[in-house]
Amino acid sequence: MHKRATRPRGTRPRLTLAAIAYGSAVRDVPWWGVLSSVAAPVLLVSGWTVAASLQPRFDPVADTVSALAAQGATDRWVMTLTFLVVGVCYVVTALALRPARAAGRLILLAGALVGMLVAANPEHSGDAYPIGHIIAASAGLAGLVTWPAGAWRRGPAVPWGLRPAVAAAAVTVLFALVVWFGAELILGIAQVGLAERVAGAAQALWPLAVVLSCLWPKKAV
């Protein structure tokens, strides 16, 4: 019979390389964070779809989402409420995303809070440059685009959504979509609504992708 190896009294179990590199004290995302990350893209797309269906004339390809919450829009409260609820979802996700670095979580949190001010600063008919709306929307977009740059970590056990190369790729794609939206908006091209929706959906889906990567089983090294 082979005797089972025993550990000398008073010694502790040896940490794996993965635990040392990533931090054994880091906890996974709690259930309420998973729920908020799933709810954000679902509520965003549902909100702008319902709000658009209530308008007498609305082109989702050519017209912006902000127009659905603008003064004079039919049932503008639908899109206004959507902005607020989705912002709350981002806040909850930022608080729950414990495996990410604090800097990235704070950027996501700040972007969500500032972005919620879009609801308090709607567009007004006849105002081509609503300053309050532009500032709130721009700051919110900046947070939702750049937060992966502050959230990445190094180490063999880091979830794939938080690895440096993946985070850099995410920022690049999200930034490119915002540039597309900005170009459509400035140049007055007829696809500004489409560009905004693609960019908004991508920004809502990326936190969900990161959360799911944190729940993926990690291989010990």
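**Entry 1: S66**

I began with the side chain of S66, which makes a polar contact with the side chain of H133 at 3.0 Å. The model I am reading is a predicted one, so I take every value here as computed from predicted coordinates. S66 lies in the loop between α2 and α3, and when I looked up what it touches, setting aside residues up to four places away in sequence, I found E123, H133 and E196. Is S66 buried or exposed? With a relative accessibility of 9%, S66 counts as buried, because the cut-off for that class is under 20%.

**Entry 2: the largest pocket**

I then turned to the largest pocket, where S66 appears again: together with A137, L141, F181 and E196 it is among the lining residues that lie nearest the centre. The lining comprises 36 residues, and the space inside the pocket comes to about 850 Å³. Which helices supply at least two residues each to this lining? I noted α2 (31-53), α3 (77-96), α4 (102-115), α6 (131-151), α7 (164-187) and α8 (192-215), with α6 providing the largest share, 8 residues. Sorted by character, the lining divides into 22 nonpolar residues, 12 polar ones and 2 charged ones.

**Entry 3: the chain as a whole**

For orientation I went back to the overall make-up of the protein chain, which has 8 helices and 0 strands, so that the order of elements from the N terminus on reads α-α-α-α-α-α-α-α. Of its 221 residues, 39% count as buried. I also looked up how far along the sequence the contacts reach: among those between residues at least 6 apart, 71% join residues at least 24 apart.

**Entry 4: the largest nonpolar core**

In soluble globular proteins, nonpolar side chains tend to be buried together, and with that in mind I looked for the largest nonpolar core. This core has 38 residues, and those with the most contacts inside it are M79, F83, Y90, L97, W147, L162 and V210. The elements that give two or more residues to the core are α2, α3, α4, α5 (117-120), α6 and α8, and α3 gives the most, with 9 residues. I followed V210 a little further and found that, leaving aside its neighbours within four places in sequence, V210 is in contact with L97, W147, G161 and L162.

**Entry 5: G87**

I picked out G87, which lies in helix α3. G87 counts as buried because its relative accessibility is 5%. Where does the chain come back towards G87 from elsewhere in sequence? I looked at A40, which is 47 residues away along the chain, and found its C-alpha atom separated from that of G87 by 8.0 Å. Beyond the neighbours within four places in sequence, G87 is in contact with A112 and M116.

**Entry 6: V158**

V158 has its place in the loop between α6 and α7, and at 1% relative accessibility this loop residue counts as buried. I also checked V158 against S213, 55 residues apart from it along the chain, and the separation of their C-alpha atoms is 9.2 Å.

**Entry 7: R101**

R101 sits in the loop between α3 and α4. With a relative accessible area of 31%, R101 is partly exposed, because that value falls between the 20% and 50% cut-offs. What does R101 meet, once its neighbours within four places in sequence are left aside? I found contacts with A149, G150, A151, W152 and R153. One of these residues, G150, offers its backbone oxygen, which the side chain of R101 reaches at 3.3 Å. For R153 I noted the C-alpha to C-alpha distance from R101, which is 6.9 Å across 52 residues of sequence.

**Entry 8: D75**

My last entry concerns backbone geometry. Most residues other than glycine have a negative phi, and I therefore looked for a departure from that pattern. D75 has a phi near 50°, a positive value in a residue other than glycine. D75 has its place in the loop between α2 and α3, the loop in which S66 also lies. Is D75 buried or partly exposed? Its relative accessible area is 35%, which means that D75 is partly exposed.

Notes. Residues numbered from 1 in each chain as written. Predicted model: local features only at pLDDT ≥ 70, side-chain atom pairs only at ≥ 80, totals over all residues. Heavy atoms only, no water. 1 Å grid on protein atoms, 1.4 Å probe; cavity = no way out; pocket = protein on both sides within 12 Å on 5 of 7 lines; lining within 4 Å. Points joined across faces, edges and corners; volume = space filled by probe spheres on them. Helix = DSSP H or I, 4+ residues; strand = E, 2+ residues; numbered from the N terminus. Nonpolar A, V, L, I, M, F, W, Y, C, P; charged D, E, K, R; others polar. Buried < 20%, exposed > 50% of the residue type's maximum accessible area, 1.4 Å probe, protein only. Polar contact = N/O pair within 3.5 Å; in protein donor to acceptor, adjacent residues only side chain to side chain. Contact = heavy atoms within 4.5 Å. Core = buried A, V, L, I, M, F, W, Y, C linked by side-chain atoms within 4.5 Å.
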